[in-house]
Amino acid sequence: QVQLVESGGGLVQAGGSLRLSCSVTAFTLDYYAIGWFRQAPGKEREFVAATTKRGDSSYYADSVKGRFTISRDNAKMTVYLPLNRLTSEDTAAYSCAARISALSTDNLLKYDYYYHDWGQGTQVTVSS
């Protein structure tokens, strides 16, 4: 089992930036694809971004393309998600999730049911 801890959330003005981190406790991060999801109050959880085990492929929700860029440092056991040009629509609890995967491309990473371990989440609030 892998443990994930998110950090970096907070309160920011519209147009501002934050950088989220997902710190992973496991034997190695090399075997895990990592995804970011978010859930706003009263809404269903939605996909934000994902990266395959070595970062060969990245996937993004249309709403964040060009503003968020997922990256990973497997040596540091951490996956990053800088959030840029934030709007009130980005206000949500952001969670990272892990799935053991040997694939270099994987379109199923956009689906939350595909993951087997989740972090507790970090809140991002964007004031207008």
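In the predicted model, S95 has a relative accessibility of 13% and therefore counts as buried, since the limit for this class is under 20%. The residue is found in strand β9. Although S95 and L4 are 91 residues apart in sequence, their C-alpha atoms are 9.0 Å apart in space. When residues up to four places away in sequence are not counted, S95 touches E6, G35, W36, F37, W118, G119, Q120 and G121. Two of these contacts, F37 and W118, appear again in the description of the aromatic rings.

Aromatic side chains are considered next. A pair of aromatic rings is described by the distance of the centres and the angle of the planes. The count of such pairs in the model comes to six. One of them joins F37 and F47, whose ring centres are 5.6 Å apart and whose planes meet at 70 degrees, an edge-to-face arrangement. This pair links distant parts of the chain, with F37 in strand β4 (residues 32-39) and F47 in strand β5 (residues 46-51), ten residues apart. Both F37 and F47 are buried.

F37 also forms an aromatic pair with Y115. Here the arrangement is again edge-to-face, with 5.4 Å from centre to centre and 80 degrees between the planes. Because F37 lies in strand β4 and Y115 in the loop between β9 (92-100) and β10 (117-118), the pair ties together parts that are 78 residues apart in sequence. F37 has a relative accessibility of 2% and so counts as buried. Y115 is likewise buried, its relative accessible area being 7%. Taken together, ring pairs link F37, F47, Y114, Y115 and W118 into a cluster.

Two members of this cluster, Y114 and W118, also have an arginine placed over the ring. R45 lies over the face of W118, at a distance of 3.9 Å from the ring centre. For Y114, the charged end of R99 sits over the ring, 3.7 Å from its centre.

Charged residues were also examined for pairing with one another. Side chains of opposite charge can pair when their charged atoms come close. The model contains six salt bridges by count. In one of these, R38 is joined to E46, and the closest N and O atoms are 2.5 Å apart. The partners fall into separate accessibility classes: R38, at 5% relative accessibility, counts as buried, whereas E46, at 35%, counts as partly exposed.

Another salt bridge connects R67 with D90, with 2.8 Å between the closest N and O atoms. This pair links distant parts of the chain, for R67 is in the loop between β6 (58-60) and β7 (71-73), while D90 is in the loop between β8 (78-83) and β9, 23 residues apart. Both partners are classed as buried: R67 has a relative accessible area of 12%, and D90 has a relative accessible area of 1%. The four residues R38, E46, R67 and D90 are linked in a network of salt bridges.

A further salt bridge is formed by K65 and D62, the closest N and O atoms of which are 3.2 Å apart. D62 has a relative accessible area of 66% and is therefore exposed, the limit for that class being over 50%.

The surface of the model also carries nonpolar side chains. F27, Y31 and I100 form a nonpolar patch there, and together they have about 420 Å² of accessible area. F27 lies in the loop between β3 (18-25) and β4. With a relative accessibility of 80%, F27 counts as exposed.

Finally, the surroundings of D73 were examined. D73 lies in strand β7 and, at 24% relative accessibility, counts as partly exposed, because this value falls between the limits of 20% and 50%. The C-alpha atoms of D73 and G55 are 9.0 Å apart in space, and the two residues are 18 residues apart in sequence. Apart from neighbours within four places in sequence, D73 is in contact with L29, T78 and Y80.

Conventions: Residues numbered from 1 in each chain as written. Heavy atoms only, no water. Phe/Tyr/Trp six-rings, centres within 6.5 Å; stacked < 30°, edge-to-face > 60°. Helix = DSSP H or I, 4+ residues; strand = E, 2+ residues; numbered from the N terminus. Buried < 20%, exposed > 50% of the residue type's maximum accessible area, 1.4 Å probe, protein only. Lys NZ or Arg CZ within 6 Å of the ring centre and 35° of its normal. Patch = residues over 30% accessible without salt bridge, like charges linked within 9 Å, V, L, I, M, F, W, Y side chains within 5 Å. Areas by Shrake-Rupley, 256 points an atom, 1.4 Å probe, with all protein chains shown as cover. Contact = heavy atoms within 4.5 Å.
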